[in-house]
Amino acid sequence: MTQMTEAVAVKDRVIAILAEQAVMDVSDIRLEDSLEDLGLDSLGLVESIFAIEEAFDISVPFNANAPDRSGFDISSVAAIIAAVEGLVAQRAA
């Protein structure tokens with residue numbers, strides 16, 4: 001899989017996971033959306049993290065008790081995608 005194809009696959013899968021957790025259609029998810037925009041509460045976030053870890057076989061450095069100190073940017077859909085892409089790249093290296 002080329003690097004570009006892999007990046008698209010990561011983006012699409014992360015959006016699908018977030019859409020599933022938010023009970024939204026994938027087409028309604030925008031890159032600039034925050035988790036609050038998606039209506040995801042802390043439980044939805046944790047479920048999303050678990051689904052991301054399982055989908056990509058990675059360990060997400062996220063602490064639900066201190067999300068702003070976890071080193072995993074959850075400020076927007078685009079930030080989550082970028083963070084997952086970084087973790088996938090680290091795993092592949």
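**A walk through a four-helix chain**

Asp33 is buried, with a relative accessible area of 3%; buried means under 20% relative accessible area, exposed means over 50%, and partly exposed lies in between (1.4 Å probe, protein chains only). This is a predicted model, so local features need pLDDT of at least 70 and side-chain atom pairs count only at pLDDT 80 or more, while totals for chains, interfaces and linings use all residues. Residues are numbered from 1 along each chain as its sequence is written, and side-chain values use heavy atoms, with hydrogens and water left out.

**Exercise on the overall fold**

Work out how many helices and strands the chain has.

*Solution.* Start by counting the elements, where helices (H or I, at least four residues) and strands (E, at least two) are DSSP runs numbered from the N terminus. The count gives four helices and zero strands, so along the sequence the pattern reads α-α-α-α. Next, take the radius of gyration: it is 12 Å, close to the 12 Å from the globule rule for 93 residues, so the chain is as compact as a globular protein of that length. (The radius is taken over C-alpha atoms, and the rule is 2.2 Å times the number of residues to the power 0.38.) Along the principal axes, the C-alpha atoms fill a box of roughly 35 × 30 × 20 Å. Finish with burial and contacts: 39% of the 93 residues are buried, and of the contacts (heavy atoms within 4.5 Å) with a separation of 6 or more, 55% join residues 24 or more positions apart.

**Exercise on Asp33 and its partners**

Find which residues are linked with Asp33 in a network of salt bridges.

*Solution.* First, place the residue: Asp33 sits in the loop between helix 1 (3-22) and helix 2 (35-38). Then look for salt bridges, each a side-chain nitrogen of Lys or Arg within 4 Å of a carboxyl oxygen of Asp or Glu. The whole structure holds two of them. One joins the side chains of Arg30 and Asp33 at 2.6 Å, N to O; another joins those of Arg30 and Glu32 at 3.6 Å, N to O. Together, Arg30, Glu32 and Asp33 form the network. Now compare the accessibilities: Arg30 counts as partly exposed because its value is 46%, and Glu32 counts as exposed because its value is 55%. As a last step, set aside neighbours within four places in sequence; Asp33 then touches Asp28, Leu38, Ser75, Ser76 and Val77. That list reaches helix 4 (residues 77-92) through Val77, itself one of the buried residues of helix 4.

**Exercise on helix 3**

Determine what caps the N-terminal end of helix 3 and which of its residues are buried.

*Solution.* Begin with the dimensions. Helix 3 (residues 42-56) has 15 residues and spans 21 Å from its first C-alpha to its last, close to the expected 21 Å; the expectation is 1.5 Å times one less than the number of residues. The N-terminal cap is Asp41, with a side-chain oxygen 3.2 Å from the backbone nitrogen of Leu43. The buried positions are Gly44, Leu45, Ser48, Ile49, Ile52, Glu53 and Phe56. A helical pattern helps in reading such a list: an α-helix has 3.6 residues a turn, so residues three or four places apart point the same way. Finally, follow helix 3 across to helix 1, where Ile17 lies. Ile17 counts as buried because its relative accessibility is 2%. Neighbours within four places aside, Ile17 contacts Ser48, Ala51, Ile52 and Ala55. The C-alpha atoms of Ile17 and Ala55 are 9.0 Å apart, although 38 residues separate the two along the chain.

**Exercise on positive phi**

Decide whether Val23 is buried or exposed, and do likewise for Asp57.

*Solution.* Keep a general rule in mind: most residues other than glycine have a negative phi. Val23 has a positive phi near 50 degrees and belongs to the loop between helix 1 and helix 2. Val23 counts as exposed because its relative accessibility is 74%. Asp57 comes just after helix 3, in the loop between helix 3 and helix 4, with a positive phi near 55 degrees. Asp57 is exposed too, with a relative accessible area of 62%.

Methods:
Polar contact = N/O pair within 3.5 Å; in protein donor to acceptor, adjacent residues only side chain to side chain.
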